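Thanks for asking me to look this one over. My comments follow as numbered points, and I hope they are handy when you have the coordinates open.

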Amino acid sequence: MEILSNSIREIHEKLKKKEMSALELTDFFMDEIKSKDKDIKAFLSNDFSEAKKQAEKVDLAIKNGNEISMLSGIPAAIKDNILIDGIKATASSKILENYVAPYDATVILKLKKQDSVFLGKTNMDEFAMGSSTENSAFFKTKNPNDLSRVPGGSSGGSAAAVASNQCVFALGSDTGGSIRQPASFCGVVGLKPTYGAVSRYGLIAMASSLDQIGPLTKTVDDARVVFESIKGKDKKDATSVMYPEKLQEKGLKDLKIGIPKEYFIEGMDKKVEDVIKNEIKKMEDAGAKIEEIDLPHTKDALSVYYVIMPAEVSSNMARYDGIKYGFSTHKSDSEDLLSVYLNSRAEGIGPEVKKRMMLGTYVLSAGYYDAYYKRAQQVRTKITEDFKKAFSKVDIIATPTTPTTAFSFGEKTEDPLAMYLADIFTVPINLAGVPAISVPCGKINNMPVGLQFIAPWFCEETLFKAGEDYEKLIS
Amino acid sequence: MIDEDQVKHIASLARLKVSDDEIGKLSKDLSAVLDYVKELNKVDVSDVSPTLNASSSENVFRDDDEPDKQDAELAKKLIDSAPENEDGYIKVKSIL
């Protein structure tokens, strides 16, 4: 069907001109899910009757001649750590297996105001901890390009759903690469907005100084449309800020693009390096000014991340105690309060999450705080300063999103560090809080490669302009 | 190096129950990660202030006014999500 190659703006026009109804659109994607998702397994749950109701509401508005919003009737998939009132939100964890969200996340409220259609909740690594979606407590999601490979993670279900055309767009969350890395592995666009640009109210927290919600889409312009709809200050998230409106007129050919040599490291796939270098050459030929830059603390970023992230995880995970909500042994075998905590957590929380809680507890414990946590926070400042310096010289930075293409199931589950290295090019961006987008830029043996653009704080529009021009360049 | 006794101690601080099978693996995995992050000791951080807040905002206040009605309904829903509740309170096992 033609709709698969349409952008959100094009679908919006078709709905307005009544070339297609919102219900037909939703029906089409529901059929796609029914036929494809038994193999790909991107979704944890679907609520088709509610989706139909949402679509009918949009059709009624169109019939009555009312204005409709850009995302009205547009079918979306939502990562399962984002709350939709009355719908299960498991974060792919046993401890939330039967948890029904009691309110809407702010991003969901914003999409509901536009009458978007929610097709379902997508699979992820448990509590967003992982880079392959293999840590889901329920099942593995497959990469639509090759079913023997992982979709990446932690927003693997969202990336796979967009890549296999089971929705028009999806929402994910990105703490160290969890939107961009699966976008790169599956061959779709993924945006990690500036820290504070999008409210996290109603996002199940992982590491609060790093988490951001963002879109996974088929095109850069679609990512812009979704981002514009979800951004903004929210009194329910004190870290959210008023998004400064900045005009960005410069296209790709007018930009000075920085290439950090620290992102072309030993150990990365030579073929990925070649693809990225070739794409940079194309941008140069199109008129962009290419400049080699230094981000000297890049090599420390993963170490900083593996101190700060688990520290914040250990604090955020304290709420799952079998007392307030979620899986609990309160009414069964536990005889005292401590055993309710211990048994509820032992049964409900998976191994990777436990490991990070332990690691975080250790680095925050008495006697170790200065050596680990404080030092990591100091090196984090150095990483942020690297970006500040770089952006005084260049408008935007281009790097590979990941050091390899999607790997096979089980390939990295045994060695704890091998899996963590999959995020080596995405983690520094979260530590500095800058925005970045991954755009598909080629394939190696049929597996997609992602090109990552990084812009200064609140310069998402620079990413969109550059990304769009790049898409035109290679189309 | 995190030995098995330390694993048990950390687990008790984190309110986690770890089985004997898990202790060995955790000792190995935690040691591997801590060994990796040791690289941070090589970075010169003298006179560098730590990033305490990733956002540029400071002291974000809300208005000190009446909570809206929706908040009261939500509070009830939240209490109802607990395994056991009584008279608007969450009930836990006896503490003393």
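1. Chain B is where I would start. A compact globule of 96 residues would have a radius of gyration near 12 Å, but chain B comes out at 23 Å in this predicted model. Its C-alpha trace spans about 55 × 45 × 25 Å along the principal axes. Of the 96 residues in chain B, 16% count as buried.

2. Next, the make-up of chain B. Its secondary structure consists of three helices and two strands, and from the N terminus on the order is α-α-α-β-β.

3. How confident is the predictor in chain B? The mean pLDDT of chain B is 91, and 100% of its residues score at least 70. Among its elements, α1(B) has the highest mean pLDDT, 96, while α3(B) has the lowest, 88. For the model there is an ipTM of 0.95 and a pTM of 0.97.

4. Now to the interface. Here 39 residues of chain B are in contact with 50 residues of chain A. On the chain B side, the elements that give two or more residues are α1 (4-13), α2 (20-37) and α3 (69-80). The largest share comes from α2(B), with seven residues. Sorted by class, the side of chain B that touches chain A has 26 nonpolar, eight charged and five polar residues.

5. Chain A makes a useful companion case for the globule rule. For its 475 residues, a compact globule would have a radius of gyration near 23 Å; chain A has 21 Å, so the value agrees with that expectation. Its C-alpha atoms fill a box of roughly 65 × 55 × 45 Å along the principal axes. Buried residues make up 60% of the 475 residues in chain A.

6. On the fold of chain A, I count on the assignment of 15 helices and eleven strands. Taking contacts in chain A between residues at least 6 apart in sequence, 75% join residues at least 24 apart.

7. Which residues have the most contacts inside the largest nonpolar core? They are A76(A) and F453(A), in a core of 154 residues. Helix α9 (residues 298-316) of chain A gives the most to this core, contributing ten residues. If you would like a place to zoom in, try F453(A): leaving aside residues up to four places away in sequence, F453(A) touches I396(A), A398(A), A436(A), I437(A), V439(A), L463(A), A466(A) and G467(A).

8. Strand β5 (residues 189-192) of chain A deserves a look too. Are its faces covered or open? Both are covered: V189(A) and L191(A) on one side are buried, and so are G190(A) and K192(A) on the other. As a reminder, side chains in a regular strand alternate between the two faces of the sheet.

9. Finally, the pairing partners of β5(A). Two bridges join β5(A) to strand β6 (residues 212-217) of chain A, and the two run antiparallel. Within β6(A), T217(A) is the bridge partner of V189(A). β5(A) also pairs with strand β10 (residues 436-444) of chain A, in the antiparallel sense and over three bridges. Within β10(A), the bridge partner of G190(A) is S438(A).

Notes
Residues are numbered from 1 along each chain as its sequence is written. Chains are lettered from A and ligands numbered from 1 in the order in which they are written. This is a predicted model: local features need pLDDT of at least 70, side-chain atom pairs count only at pLDDT 80 or more; totals for chains, interfaces and linings use all residues. A nonpolar core is a set of buried Ala, Val, Leu, Ile, Met, Phe, Trp, Tyr and Cys residues joined through C-beta atoms within 7 Å. A residue is buried if 20 or more other C-beta atoms lie within 10 Å of its own, exposed if 12 or fewer, and partly exposed in between; C-beta atoms are placed from the backbone. Helices (H or I, at least four residues) and strands (E, at least two) are DSSP runs, numbered from the N terminus. Two residues are in contact if their C-beta atoms, placed from the backbone, lie within 7 Å. The radius of gyration is taken over C-alpha atoms; the globule rule is 2.2 Å times the number of residues to the power 0.38. Ala, Val, Leu, Ile, Met, Phe, Trp, Tyr, Cys and Pro count as nonpolar, Asp, Glu, Lys and Arg as charged, and the others, Gly among them, as polar. pLDDT is the predictor's confidence in each residue, from 0 to 100. Two strands pair if DSSP finds at least two bridges between them.
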